[in-house]
There are 2 protein chains.
Amino acid sequence: MARARTDSDPRVRILDVAAQVFASSGFAGARIDDIAERARVNKAMLYYHVGDKQALYAAVLLQTIDHALARIDAALAAARSAEERLRVIVSTVAAAAQENPNFAPLMLRELASGGQSIPDQVVRRMARLFRTVAEILADGERAGRFRNVDPVMTHMSIMGSIIVLTAGAPIRRRIRDVVGGPRASFVDRSAADIAAHFSDLILEGLQKRVPAPARRRTRTK
Amino acid sequence: MARARTDSDPRVRILDVAAQVFASSGFAGARIDDIAERARVNKAMLYYHVGDKQALYAAVLLQTIDHALARIDAALAAARSAEERLRVIVSTVAAAAQENPNFAPLMLRELASGGQSIPDQVVRRMARLFRTVAEILADGERAGRFRNVDPVMTHMSIMGSIIVLTAGAPIRRRIRDVVGGPRASFVDRSAADIAAHFSDLILEGLQKRVPAPARRRTRTK
DNA sequence: ATCTGGTTTAACTAACCGGTTAGATATGGC
DNA sequence: GCCATATCTAACCGGTTAGTTAAACCAGAT
């Protein structure tokens, strides 16, 4: 046990291929025979090493989110101020999502199906990430830098935007192909682009302002 | 033809049920027999009235997005300033998503699968919504109210956040059940909550500021 | 050499599922 | 009444799919 987890380990190959297939076809659309074949493994071996389709799917989810969270933890270690920490979270999630192209689709599909088949282990990971963000927001508010916002919605806005932005490239391509002209700049957005756009947006959006000499109309109603 | 499109119209019943089933199970997970049974229609009648699974799915997508877009158009007619128009878009999309619980899952699933099976008709609708938002952003910038932002990413941030926020309730429930205590306020978010949260966030985030006495470090590079 | 336990394979199966068909029934025009 | 057309049904079909099985293979221990 504790063997080298290289490509020669059939379990590693199976999980890698399964992540791809589940990401692009969903749980119901994924074919066990397909996964086995692409992982160059006999189907019965897949059942022997991993278990049934549900177990395979759960293992894929866990591996995918663990890898992303590990990146965030590592990057967060260096950051200090609330602003900086939030920026780090945004850019790390964007980078992780771009680097592992299965991440965003898997999350989107789970979101669409209400997270019914997310194992508890994975839910706890999600909760931990939420707590991290909520702490940052509370810190920033305590330091007088952020205004008071709903941490639940703020967290989901952040993750939702980044994931949708990352997964949105193919749809942007379709939109451009159907209606757009030759606008090359319509489709491609690097992880850095996404991170810069969204962290600017949210840091400006969260900033606490001085009451400002009332130039606006009164908030009617 | 052009008959009353009531519940007695089998095509209406089929599309309604199919929207539910596709939203909660995805295209691959949806069962034609299931849809037919729940629509109280013989399976062959489903093929007779609508066509095969793909055609049914395309019809569902078109109907779903058309209904949402119609709401937006209607609501937008009254709005004037760029800020107001953006706020209307956010709150109308949030309201439409909450009212039709199939909308968000359908969009999320399409996003996850790269929009391969979105019919061109629907893509053109999406493009039109993008153009509307892009115009608002350009207007606001011209009026000196908004800063210069990437309209493509801004549009996807808006839609992504609202859709994820709306579809996120079941996952919030799972997170609360697994780790959270009795925090009732963790799960429920009305369309108005979502709209208020996000339009505040984005309007603040987009606002153009006066250059402000340089207190920050210079933007290196 | 042989036994033991983990690993691998080809073949199988039982259920499922999208789509079809042949024929029945209803409807409206004449 | 009668024909043409639209609507509807039960039964069927062939391919697919998750999961199983029984037997083979192979490495190390004795």
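A base oxygen of DNA strand D sits 2.5 Å from an N or O atom in the side chain of K43(A). This is a predicted model. In it, 14 residues surround DNA strand D, and 14 residues surround DNA strand C. Both protein chains contribute to the surface near strand D, and both contribute to the surface near strand C.

**Strand D: surroundings**
- The closest residues to DNA strand D are R31(A), K43(A), Y47(A), Y48(B) and H49(B).
- Three helices each supply at least two residues of this surface: α2 (32–38) and α3 (43–49) of chain A, and α3 (43–49) of chain B.
- α3(B) gives the most, with four residues.
- By class, the surface near strand D has seven nonpolar, two polar and five charged residues.
- Sugar or phosphate accounts for 58% of the strand D atoms within 4 Å of the protein. The rest belong to bases.

**Strand D: polar contacts**
- K43(A) reaches a base: its side-chain N or O atom is 2.5 Å from a base oxygen of strand D.
- Y47(A) pairs with the backbone of the DNA instead, as a polar side-chain atom lies 3.0 Å from a phosphate oxygen of strand D.
- Chain B takes part through Y48(B), where a side-chain N or O atom is 2.7 Å from a phosphate oxygen of strand D.

**Strand C: surroundings**
- The closest residues to DNA strand C are M45(A), Y48(A), H49(A), K43(B) and Y47(B).
- Here α3 of chain A joins α2 (32–38) and α3 of chain B, each supplying at least two residues of the surface.
- The largest share, four residues, comes from α3(A).
- The residues near strand C divide into seven nonpolar, two polar and five charged.
- Of the strand C atoms within 4 Å of the protein, 57% are sugar or phosphate atoms. Bases make up the rest.

**Strand C: polar contacts**
- N42(A) addresses a base: a polar side-chain atom lies 3.3 Å from a base nitrogen of strand C.
- Y48(A) addresses a phosphate, with a side-chain N or O atom 2.8 Å from a phosphate oxygen of strand C.
- A30(B) uses its main chain, placing a backbone N or O atom 3.1 Å from a phosphate oxygen of strand C.

**Tyrosine 48 in each chain**
- Y48(B) is among the closest residues to strand D, and its side chain comes to 2.7 Å from a phosphate oxygen there.
- Y48(A) is among the closest residues to strand C, and its side chain comes to 2.8 Å from a phosphate oxygen of that strand.

Note on methods. Residues are numbered from 1 along each chain as its sequence is written. Chains are lettered from A and ligands numbered from 1 in the order in which they are written. This is a predicted model: local features need pLDDT of at least 70, side-chain atom pairs count only at pLDDT 80 or more; totals for chains, interfaces and linings use all residues. Side-chain values use heavy atoms; hydrogens and water are left out. A residue is near a molecule or strand if one of its heavy atoms lies within 4 Å of it. A polar contact is a pair of N or O atoms within 3.5 Å; within protein, one must be able to donate a hydrogen and the other to accept it, and residues adjacent in sequence count only if both atoms are side-chain atoms. Ala, Val, Leu, Ile, Met, Phe, Trp, Tyr, Cys and Pro count as nonpolar, Asp, Glu, Lys and Arg as charged, and the others, Gly among them, as polar.
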